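I opened the model with a short list of things to look up. My notes follow in the order I took them.

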Amino acid sequence: MTKIEFLQELAKGWFGNSQQHSIHAQLLKARGLNKLADKIMAESDEEWDEAKKVNARLVELGVTPKVELKDYPVITDIKEMLEFDCKESSEALPMMSKALSLFDDDYVSKAMIEKFILDEQDHFNWVKAHLCLIEQIGMENYMIEMLGE
């Protein structure tokens with residue numbers, strides 16, 4: 001995979017994942033789980049911004065970005081939703097780290113991807129913590145915790 005193809009795949013993935021998280025946040029908000037919905041919507045906004053940054057970088061590199069979304073499922077079960085996020089993050093992190101070597105001659109893109117890796121690690125840690133919380137206190141108590149204004 002070339003560095004341009006990798007950047008295009010990042011944008012495609014983040015645009016799709018942003019839409020998935022936006023839908024999940026709306027579904028959670030409809031159930032009154034406002035704290036969780038707000039966190040998931042913030043994640044959606046962050047992914048949208050990351051995708052836009054990738055597309056801006058592609059333009060800087062003289063490449064016309066593609067209008068594509070990676071297809072992601074809409075998941076209504078909260079634990080399954082978090083498990084899916086955990087799995088996606090655990091697969092994305094090593095893939096992004098491995099791809100860094102493609103950008104040894106492109107400091108700007110490499111620094112951008114390094115920041116994405118840190119953000120993805122933070123998200124992974126948050127998801128893992130919430131999955132552990134569900135395991136410790138049970139789904140009903142977790143849902144009560146996620147209710148809010």
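**Entry 1: helix ends**

I began just after helix 1, where Gly32 has a positive phi of about 85°. The model is predicted, so I read this phi as a computed value. I then checked the residues that come after other helices. Gly62 comes just after helix 2 and also has a positive phi, about 85°. Helix 4 is followed by Gly138, with a positive phi near 90°.

**Entry 2: helix lengths**

Next I looked up the spans. Helix 1 has 28 residues, and its first and last C-alpha atoms are 40 Å apart. That is close to the 40 Å expected at 1.5 Å a residue. Helix 2 has 27 residues and should span 39 Å at 1.5 Å a residue. Its end C-alpha atoms are 39 Å apart, so the two values agree. For helix 4, with 31 residues, I expected 45 Å at the same 1.5 Å a residue. The end C-alpha atoms of helix 4 are 45 Å apart, which agrees.

**Entry 3: aromatic rings**

I searched the whole structure for aromatic pairs and noted four. One of the pairs is Trp14 with Phe116. How are the rings of Trp14 and Phe116 placed? Their centres are 4.5 Å apart and their planes stand at 75°. An angle over 60 degrees counts as edge-to-face, so this pair is edge-to-face. The pair links distant parts of the chain, with Trp14 in helix 1 and Phe116 in helix 4. The two residues are 102 apart in sequence. Are Trp14 and Phe116 buried or exposed? Both are buried.

I also noted a charge over a ring. The charged end of Lys39 sits over the ring of Trp126, 5.1 Å from the ring centre.

**Entry 4: the largest pocket**

I turned to empty space. The largest pocket holds about 470 Å³. Its lining has 23 residues, and the closest to the pocket centre are Leu10, Lys70, Tyr72, Ala92 and Met95. Which elements give two or more residues to this lining? They are helix 1 (3-30), helix 3 (78-99) and helix 4 (107-137). Helix 3 gives the most, with nine residues. I sorted the pocket lining by class and got ten nonpolar, five polar and eight charged residues.

**Entry 5: the largest cavity**

How many cavities of 30 Å³ or more does the structure hold? It holds one. The volume of the largest cavity is about 50 Å³. I listed its lining: Gln8, Ala11, Lys12, Phe15, Asn55, Leu58, Pro65, Lys66 and Glu68. Helix 1 and helix 2 (34-60) are the elements that give two or more residues to this lining. The largest share comes from helix 1, with four residues. By class, the cavity lining has four nonpolar, two polar and three charged residues.

**Entry 6: spot checks in helix 2**

I picked some residues in helix 2 for exposure. Ala51 lies in helix 2. Its relative accessible area is 0%, so Ala51 is buried. I took a distance from Ala51 to Leu102, which is 51 residues away along the chain. Their C-alpha atoms are separated by 19 Å.

Lys35 is in helix 2 as well. Why does Lys35 count as partly exposed? Its relative accessible area is 47%, and partly exposed runs from 20% to 50%. From Lys35 I went to Tyr107, 72 residues away in sequence. The C-alpha atoms of Lys35 and Tyr107 are 37 Å apart.

Asp38 is another helix 2 residue. It is at 39% relative accessibility, so Asp38 also counts as partly exposed. Asp38 and Leu28 are ten residues apart along the chain, and 8.9 Å separates their C-alpha atoms.

**Entry 7: a loop residue**

My last check was Thr76, in the loop between helix 2 and helix 3. Is Thr76 buried or exposed? Thr76 is exposed, with a relative accessible area of 56%. I compared its position with that of Leu27. Thr76 and Leu27 are 49 residues apart along the chain. Their C-alpha atoms are separated by 7.4 Å.

Note on methods. Residues are numbered from 1 along each chain as its sequence is written. This is a predicted model: local features need pLDDT of at least 70, side-chain atom pairs count only at pLDDT 80 or more; totals for chains, interfaces and linings use all residues. Side-chain values use heavy atoms; hydrogens and water are left out. On a 1 Å grid over the protein atoms alone, a cavity is a set of points where a 1.4 Å probe fits but cannot get out, and a pocket is an open set with protein on both sides within 12 Å along at least five of seven lines; lining residues have an atom within 4 Å of a point. Grid points are joined across faces, edges and corners, and a volume is the space filled by probe spheres set on the points. Ala, Val, Leu, Ile, Met, Phe, Trp, Tyr, Cys and Pro count as nonpolar, Asp, Glu, Lys and Arg as charged, and the others, Gly among them, as polar. The expected span of a helix is 1.5 Å times one less than its number of residues. Rings of Phe, Tyr and Trp (its six-membered ring) pair if their centres lie within 6.5 Å; planes under 30 degrees apart count as stacked, over 60 as edge-to-face and the rest as tilted. Buried means under 20% relative accessible area, exposed over 50%, partly exposed in between (1.4 Å probe, protein chains only). A charge sits over a ring if NZ of Lys or CZ of Arg is within 6 Å of the ring centre and within 35 degrees of the ring normal.
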